[in-house]
Amino acid sequence: MPVICKEEKRRLMALVTGELDHHGARAVMEELDRRIDETQPQELTVDLGGLTFTDSSGIAVLLRAHRRMGQVQGAMRVVRTPDQAGKVFQAAGLERIIRFE
């Protein structure tokens, strides 16, 4: 699976690795949805340090996770964004919606 989740004290950490394209995006979305439903976290941190490539599928994953966190009244941040992914997200204007650190 291209995402590994860990939860501690209502904080969910999701480490995304490999390529986040249309082949892997569905699995990442499903896993994040499942974990958000189970844990009802106050904060979701999406760590993209292991990401090697993304396209518009990565945008969809982050927007869906952001929406889901809003439904549980939680916050979301994205950390360790690789350059290639950062360019994709910046072109889409995601920094206006999602907190990138």
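The following paragraphs describe selected helices, strands and side-chain contacts of a predicted model.

Because the structure is predicted, local features are reported only where pLDDT is at least 70 and side-chain atom pairs only at pLDDT 80 or more, whereas totals for chains, interfaces and linings use all residues. Residues are numbered from 1 along each chain as its sequence is written, and side-chain values rest on heavy atoms, with hydrogens and water left out.

Helices and strands are taken as DSSP runs numbered from the N terminus, a helix being H or I over at least four residues and a strand being E over at least two. Helix α2, which covers residues 56-71, has 16 residues and spans 23 Å from its first C-alpha to its last, close to the 22 Å expected; the expected span is 1.5 Å times one less than the number of residues. At the N-terminal end of this helix, Asp55 acts as a cap, with a side-chain oxygen 2.9 Å from the backbone nitrogen of Ser57. After α2 comes Gln73, whose phi is positive, near 60 degrees. The buried residues of α2 are Ser57, Gly58, Ile59, Val61, Leu62, Ala65, Arg68 and Met69, where buried means under 20% relative accessible area, exposed means over 50%, and partly exposed lies in between (1.4 Å probe, protein chains only). Their cover includes strands β2 (11-20), β3 and β4 (75-79), helices α1 and α3, and strand β5.

One of the buried residues of α2, Arg68, is also a partner of Asp33, since the side chains of Asp33 and Arg68 are joined by a polar contact of 3.4 Å. A polar contact is a pair of N or O atoms within 3.5 Å; within protein, one atom must be able to donate a hydrogen and the other to accept it, and residues adjacent in sequence count only if both atoms are side-chain atoms. Asp33 belongs to helix α1, which runs over residues 25-39, and its relative accessible area of 11% means that Asp33 is buried. When neighbours within four places in sequence are set aside, Asp33 is in contact (heavy atoms within 4.5 Å) with Arg64 and Arg68.

Side chains of opposite charge can pair when their charged atoms come close. With a salt bridge defined as a side-chain nitrogen of Lys or Arg within 4 Å of a carboxyl oxygen of Asp or Glu, the count comes to 13 salt bridges. In helix α1, Arg34 pairs in this way with Glu31 at 2.9 Å, N to O, and with Glu38, where the closest N and O atoms are 2.6 Å apart. Arg34 and Glu31 are three residues apart, while Arg34 and Glu38 are four residues apart, and each separation is about one turn of the helix. Arg34 counts as partly exposed because its relative accessibility is 38%, whereas Glu31, at 12%, counts as buried. Glu38 forms a further salt bridge with Arg35, the closest N and O atoms being 4.0 Å apart; because these two residues are three residues apart in helix α1, about one helical turn separates Glu38 and Arg35. Arg35 is buried, with a relative accessibility of 15%. Elsewhere, Arg11, Glu43, Arg77, Arg99 and Glu101 are joined into one network by salt bridges that share partners.

A member of this network, Glu43, lies in strand β3, which comprises residues 43-54. Its relative accessibility is 16%, and therefore Glu43 counts as buried. Not counting residues up to four places away in sequence, Glu43 touches Arg10, Arg11, Leu12, Met69, Ala75, Arg77 and Arg99.

A pair of aromatic rings is described by the distance of the centres and the angle of the planes. Rings of Phe, Tyr and Trp (its six-membered ring) are paired if their centres lie within 6.5 Å, and planes under 30 degrees apart count as stacked, over 60 as edge-to-face and the rest as tilted. A search of the whole structure finds one aromatic pair. The rings of Phe89 and Phe100 have centres 5.8 Å apart and planes at 35 degrees, so the pair is tilted. This pair links distant parts of the chain, 11 residues apart, with Phe89 in helix α3 (residues 83-92) and Phe100 in strand β5 (residues 99-100). Phe89 is buried, with a relative accessible area of 2%, whereas Phe100 is partly exposed at 28%.
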